[in-house]
Amino acid sequence: MEGKSTGGQDGKLPNLRAKQMLNAKMCDGCVSTQLSQTDPVLFLPTLPARRTKPIWMTDVPSFHLPGQGELPPDKPVPLHQWYNPVDFVLRRSGDAKKELTPAMKELNVIPQPWHGSVIANKKRIIKGLRVVSPCITQAIEIWFNEFVGSHFVNCSEIRGKSEAMELEAFVNLCCESISREREKLSKQWLMRLQFMLTNDRNRKFLPPLTRPHLFEGFFLTLMTAMTLNLQQMAMESLEAYTRDNVLTEPDKDKFSKALSNVLDEIIKVAQAIPRLERRMYPELDVNPKHLKPVVLDEFVEPLRQIIMDAVEEEFQPVLTFMETFSNFDFLISNKAKEEINEYLMSQQPFDDMVKKFTWYQDLKQTIEFSLPRCVTIGMFELRCHSLIDTLLERAQDICEGLVDHMMEFHQEKNKTITFLCDYADFSHAILRSNSQPFQLYLKMDDVMTENAIIMNEKQKELIDRLKTNKAKFVALLEEYTRQVEELDTFADVNQVESYDKIAIALQENLINAADQVAAFNEEEESFGFELSQYPQRMAAINKMKPYFSLFRECAQFNENYNNWMFGPMEAVIPDDVDASVGASYRAILKLEKTFAKRPCAENIAKTFRGKVEKFKENLPLMNVLCNPGLRPRHWEAISDIAK
């Protein structure tokens with residue numbers, strides 16, 4: 001369809017919206033408004049003059065937002081998406097008429113009374129709202145791409161511990177994790193933002209210091225965005241720490257205080273990150289000097305209460321278990337020692353003392369073998385070693401006291417027996433039973449002979465085991481030698497990092513083999529054997545040394561190359577780069593001569609020597625661009641030359 005130029009004398013298209021409003025004073029209850037031909041909202045010239053809905057309200061998908069009703073799409077729907085040209089012109093729809101929401105009924109008013117305020121506010125937003133700045137957007141993207149999901153306390157590391165920790169060790173581990181995360185934020189997050197803003201400042205994307213109103217507004221917006229990121233990280237860290245804590249050593253009050261201190265430490269570190277403009281403009285005096293994420297007490301106190309409730313709940317089975325030791329209160333309080341001392345102050349029958357001694361001996365067995373020394377109850381691990389050892393010591397002390405008293409009783413009886421031996425006649429059976437203990441020395445030869453036989457058997461067993469271990473060790477050294485020989489077949493220059501890892505692992509194995517050699521020599525010396533030597537180990541180390549140096553130098557240069565070429569310019573120090581490149585070039589050139597008759601290793605050395613030489617051509621340019629003395633005027637001069 002073609003629009004007819006019938007509107008004005010100058011041949012321009014008529015403003016159909018103005019004509020409609022002039023012909024129809026009232027439109028769906030809207031107060032008549034006089035519009036001029038310069039009204040900024042123009043419609044297609046092919047549309048009928050009188051309409052009841054805007055184009056986007058007829059058979060066009062709408063957006064549904066919670067609490068907002070339906071909102072129109074950002075762009076009109078292309079013509080080919082309508083049913084057909086006839087339906088498009090006649091406004092016919094194949095679907096049943098939809099019931100309009102209150103928000104859509106407001107949009108049905110023509111002209112929209114809020115149009116003027118929308119345009120004015122849009123200009124104000126574009127002019128004064130800093131969050132639409134591409135620099136702010138990029139700063140937010142850096143956080144959500146690289147740092148979102150980080151927590152101050154690494155709960156996965158704590159859960160990965162195979163053994164329980166003491167409370168002090170647990171708190172130290174949490175503090176170390178918090179310190180690492182603070183270093184990460186200070187050295188990585190702030191450095192990334194500073195590098196990004198420095199580049200944007202050189203390209204004149206940042207407000208200059210000469211316009212303090214814009215400058216202060218930009219950095220206040222950036223501070224707000226960074227503060228919100230830190231605030232979210234701190235709150236998520238507090239929740240994760242409260243949910244996943246793992247503790248030891250039952251002391252309820254001590255636990256509650258220590259855990260509360262960790263919450264405070266997280267908040268303290270989150271509020272200790274400096275503002276970015278302090279790093280970029282050290283001469284500025286800004287207040288506040290640090291980001292201040294707000295973590296309200298209303299958020300923290302429920303988390304403290306969760307920790308206290310969890311500790312209280314977990315302590316109940318611990319207290320139940322501790323009742324097991326209530327049966328030994330008389331030993332814990334030393335009441336048993338006092339009773340025995342009082343008991344022995346008077347003359348007691350010997351059989352009665354034997355019964356008491358037997359009872360305490362049985363008690364020692366019960367304490368040592370029936371009480372658990374380490375038990376896990378809920379989130380606690382109870383270590384009862386010290387308590388059980390103390391109970392055993394006190395029971396043993398009582399037994400020794402009884403034995404000493406019985407010895408005194410026995411000595412008194414011996415005096416009686418000595419007197420009777422002088423004046424009484426004893427039977428042969430009594431004399432024989434008393435003389436047997438004094439005749440045991442006659443059996444000592446047989447005992448020593450039997451002991452020598454046992455020692456010879458054990459020595460033979462140990463010698464056989466030593467020979468077996470030495471044979472296995474020789475086979476292991478042969479395997480290491482074969483792996484060293486395989487290094488000569490490594491020829492792929494793109495795999496030097498993998499070759500470097502293989503060489504490092506092989507070198508560690510050969511070095512650790514020295515400890516095994518020392519252990520073998522110690523056993524051989526104890527048996528009086530000649531000490532074994534393993535020259536193949538040192539031969540493998542000497543043969544591997546140039547390969548290890550080659551792969552190490554190449555892998556290190558690749559790593560440095562990526563940091564220099566693709567890392568932040570602030571981290572590049574020209575003098576260090578020059579020294580490192582020179583050292584790498586000399587080392588690779590020397591290794592190239594060493595591998596003159598080994599084509600695979602020589603090819604790797606030649607390739608990397610060429611790569612180093614090519615990189616050395618860029619050193620003068622890098623010395624200029626990475627000079628810390630460059631100022632904005634220098635960058636402007638460089639930009640003019642580049643143009």
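Before I turn to any residue, one term has to be fixed: a residue is called buried when its relative accessible area is under 20%, exposed when that value is over 50%, and partly exposed in between. By that rule Glu479, with 30% relative accessibility, counts as partly exposed, and I will come back to Glu479 when we reach the salt bridges. Please keep in mind throughout that what we are looking at is a predicted model.

Let me start with the overall picture. The protein has 643 residues, of which 33% are buried, and its secondary structure consists of 23 helices and four strands. If we take the contacts between residues at least 6 apart in sequence, 74% of them join residues that are at least 24 apart. The accessible surface comes to about 41,400 Å², and carbon and sulfur atoms account for 55% of that surface.

Now to the interior. In soluble globular proteins, nonpolar side chains tend to be buried together. In this model the largest nonpolar core contains 79 residues, and the residues with the most contacts inside this core are Trp189 and Leu197. Helix H8, which covers residues 212–244, supplies the largest share of this core, with 12 residues. If you would like to follow one residue on the screen, take Leu197: setting aside its neighbours within four places in sequence, Leu197 is in contact with Cys135, Leu206, Phe218, Phe219, Leu222, Leu276 and Met280. There is also a second, separate core of 44 residues, which includes Leu477, Tyr585, Ile604 and Leu619.

Some of you will want to know about the cysteines. How many disulfides does a search of the whole structure find? The search finds zero. Cys174, for instance, is in no disulfide, and the nearest cysteine sulfur, which belongs to Cys175, is 6.9 Å away. Cys174 is counted as buried because its relative accessibility is 1%. Cys384 gives us a second example: its sulfur is 7.7 Å from the closest cysteine sulfur, that of Cys374, and this is too far for a bond, since a disulfide requires the two sulfur atoms to be within 2.5 Å. Cys384 also counts as buried, at 6% relative accessibility.

Staying with buried positions for a moment, I would point to His405, which is placed in helix H15, residues 385–423. His405 has a relative accessibility of 19%, and therefore counts as buried. Apart from neighbours within four places in sequence, His405 is in contact with Leu344 and Met353.

Turning to the surface, there is a nonpolar patch formed by Tyr441, Leu442, Met444, Val447 and Met448, which together have about 540 Å² of accessible area. Of these residues, let me single out Met448, which is found in helix H17, residues 444–486, and which counts as partly exposed at 49% relative accessibility. Lys501, in helix H18, residues 496–527, is exposed, with a relative accessible area of 62%. The C-alpha atoms of Lys501 and Ala555 are separated by 9.5 Å, although these two residues are 54 residues apart along the chain.

That brings me to the salt bridges, of which the count comes to 13. Helix H17 appears again here, with Lys458 forming a salt bridge with Glu461, in which the closest N and O atoms are 4.0 Å apart. Both residues lie in that helix, three residues apart, which is about one turn of the helix, and Lys458 is partly exposed at 48% relative accessibility.

Which residue does Arg482 form a salt bridge with? The partner is Glu479, and the closest N and O atoms are 2.3 Å apart. Because Arg482 and Glu479 are three residues apart in helix H17, they are separated by about one helical turn. Arg482 is partly exposed, with a relative accessible area of 38%, and Glu479, as I said at the start, is partly exposed at 30%.

In helix H21, residues 599–616, Glu613 and Arg609 are four residues apart, so they too are separated by about one helical turn, and their side chains meet in a salt bridge with an N to O distance of 3.1 Å. Glu613 is partly exposed, with a relative accessible area of 30%, as is Arg609, with 21%. Lastly, salt bridges that share partners join Glu479, Arg482 and Glu486 into one network.

Notes. Residues numbered from 1 in each chain as written. Predicted model: local features only at pLDDT ≥ 70, side-chain atom pairs only at ≥ 80, totals over all residues. Heavy atoms only, no water. Helix = DSSP H or I, 4+ residues; strand = E, 2+ residues; numbered from the N terminus. Buried < 20%, exposed > 50% of the residue type's maximum accessible area, 1.4 Å probe, protein only. Contact = heavy atoms within 4.5 Å. Areas by Shrake-Rupley, 256 points an atom, 1.4 Å probe, with all protein chains shown as cover. Core = buried A, V, L, I, M, F, W, Y, C linked by side-chain atoms within 4.5 Å. Patch = residues over 30% accessible without salt bridge, like charges linked within 9 Å, V, L, I, M, F, W, Y side chains within 5 Å.
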